[in-house]
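Biologist: Please take a single contact between two helices and describe it closely for a first-year student. I should like to know how the two are arranged and which charged side chains join them.

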Amino acid sequence: MGAINTSQQLAKVRSKIDAQQQVVARLETELQQTMLGEQRNVQNVLTDIQTQYYAGIPDGAILYAALESGIQNFDGGTGTFTNVSLDQDLIRQMLYQARALLGELRIEEQHYNQEVQQEQSLRKSLIDLSKA
């Protein structure tokens, strides 16, 4: 079994964070538009967000599933978002889910960042030891 490259893991987590920040920004824009009275269909917004998640980032399907599962109770019990209007409460719930996921990704980033720093410190110590 190969060793886990923590630098690569850190890069993957950072790409997820970038995508998640874009989703949060998109939902904030949707909330503003809804406050101004514009009506949008939930499915259209979810499709746009799903496209963002699947745009070449690692585990995009998992990120999207996490967001979608957090808003399942807002669909009126139909199990589908096809005919549901996008209202402020639904957008706020989606935004809450997206920000929570962003927070979890930040914690994961901190973890891998610490591991990368430890590896760099060990490499430096090993180089110093081999020079002695």
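Modeller: The account below turns to one pair of helices, beginning with their axes and ending with their salt bridges. The model is predicted, so local features need pLDDT of at least 70 and side-chain atom pairs pLDDT 80 or more, while totals for chains, interfaces and linings use all residues. Residues are numbered from 1 along each chain as its sequence is written, and side-chain values use heavy atoms, without hydrogens or water.

The axes of helix 1 and helix 4 (helices are DSSP runs of H or I, at least four residues, numbered from the N terminus) approach within 8 Å and cross at roughly 160°. Axes are lines fitted to C-alpha atoms over the stretch in contact, with angles from 0 to 180 degrees between N-to-C directions. Helix 1 and helix 4 are therefore roughly antiparallel, a word kept for angles over 145 degrees. Their contact is made of 17 nonpolar, 8 polar and 11 charged residues.

Among the charged side chains, R14 and E109 form a salt bridge at 3.0 Å, N to O (a Lys or Arg side-chain nitrogen within 4 Å of an Asp or Glu carboxyl oxygen). R14 belongs to helix 1 and E109 to helix 4, 95 residues apart in the chain. R14 is partly exposed at 37% relative accessible area, whereas E109, at 16%, is buried (buried is under 20%, exposed over 50%, partly exposed in between, with a 1.4 Å probe and protein chains only). R14 and E109 also share a network of salt bridges with R106.

A further salt bridge joins R99 and E28 at 2.5 Å, N to O. Here R99 lies in helix 4 and E28 in helix 1, 71 residues apart. R99 is partly exposed at 45%, and E28 is partly exposed at 32%.

Note on methods. Helices (H or I, at least four residues) and strands (E, at least two) are DSSP runs, numbered from the N terminus. Angles under 35 degrees count as roughly parallel, over 145 as roughly antiparallel, 65 to 115 as roughly perpendicular and the rest as oblique. Ala, Val, Leu, Ile, Met, Phe, Trp, Tyr, Cys and Pro count as nonpolar, Asp, Glu, Lys and Arg as charged, and the others, Gly among them, as polar.
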